[in-house]
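Open the model in your viewer and keep the sequence panel in sight. The tour begins at one residue and then moves out to the whole chain.

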Amino acid sequence: MCPIFRFAPSPNGALHLGHALSALINFEAAQRRQGQFLLRIEDIDTIRCTPNQVNQMTDDLRWLGLDWPEPVVQQSSRFDVYAASIDQLKQRGLLYPSIASRKEIRQAIARSEEQTGHPHPRDPDGAPLFPRHLLKEKEHANGDCAWRLDMEKAMKLVASAPLNWQENGLRSPSYPQVSAIPAQPNAWGDVILARKDCPTSYHLSVVVDDAAQKISHVVRGQDLYHATGLHRLLQQLLALPAPLYHHHRLLTDIAGQKLSKSRGDLSLKTLRAQGATPADIRTMIEFSDDDLAAFLY
């Protein structure tokens, strides 16, 4: 079967060097494996994601030397598909409506921490878990509400067999390394799968689209390593296939933080304007066969 890789940026800011690394790893890996490279635009945030930013992204990627088949999937055109998956989970009693505001959630957590003297549990990204037990929400909300996964119910449904993902690590001719990583989706608590202002979320749409596009290899940064456990749970609940995963190194700034669009880290657009070439970009990110070691053998 022809391996299929993808690069799926969100056009809510300019591409930076970290995006260049991820895009090049996926593109070069697809070429080395005689596979296919797809571009997907993850633009469910229709306010911050604009056509101009999409055009800038595709222009930057072509300038780097990447190409891909058309048409490119844009998630903003697939809200009906995600809504169908949400309905499927609702019918199984796995989602519940949530009307609590961020302020109400913060206040409930603060009260609990003050009363107990213990910090509230947090997810792998450091955000506090949703304090369902601390909030009195309407059992049947209408209209303006988010839909959260009932993690306890979901975990019971998949408890009959171990939930793992296959992580494609570094390889050598004598040591192919594909490891079964135990998934721990409950570390994320009752995550939002459909927002108040959008019929989906990153976690839902990414697993639905990877399955729809028959992605065989999900290659992305280490910052999404722990989210893979949640994605495997959603794949199980929605009867979707599981791709092979590989989480590559991250580029960081001088403070050790990963590069970020939100902080305005140096963009490919700016580097191009300053006279950088695609070869310069590869040098800046120290791109080499080491980045492709998981796919060379």
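Select Ser201 in this predicted model. Ser201 sits in the loop that links strand E8 (192-194) to helix H6 (202-212). Colour strand E8 (192-194) and helix H6 (202-212) to see Ser201 between the two.

Is Ser201 buried or exposed? Its relative accessibility is 5%, so Ser201 counts as buried; the cut-off for buried is under 20%.

Next, show what touches Ser201. Leave out the neighbours within four places in sequence. The contacts of Ser201 are then Ile44, Ile192 and Leu193. Ile192 and Leu193 belong to strand E8 (192-194).

Now zoom out and switch to a cartoon of the chain. Count 9 helices and 10 strands. Rotate the C-alpha trace onto its principal axes: the spans are about 55 × 45 × 40 Å. The radius of gyration is 20 Å; a compact globule of 297 residues would have one near 19 Å, so the chain agrees with that expectation.

Turn on contacts across the chain. Take those with a separation of 6 or more: 80% of them join residues 24 or more positions apart.

Colour by burial next. Of the 297 residues, 47% count as buried. Then add the surface. The chain exposes about 15,200 Å², and carbon and sulfur atoms supply 51% of that area.

Finish with the charges. How many positive and negative side chains does the chain have? Select them: there are 33 positive and 33 negative. The centres of the two sets lie 4 Å apart.

Conventions:
Residues numbered from 1 in each chain as written. Predicted model: local features only at pLDDT ≥ 70, side-chain atom pairs only at ≥ 80, totals over all residues. Heavy atoms only, no water. Helix = DSSP H or I, 4+ residues; strand = E, 2+ residues; numbered from the N terminus. Rg over C-alpha atoms; globule rule 2.2 N^0.38 Å. Buried < 20%, exposed > 50% of the residue type's maximum accessible area, 1.4 Å probe, protein only. Contact = heavy atoms within 4.5 Å. Areas by Shrake-Rupley, 256 points an atom, 1.4 Å probe, with all protein chains shown as cover. Lys, Arg positive; Asp, Glu negative; His and termini not counted. Charge placed at Lys NZ, Arg CZ, Asp CG, Glu CD.
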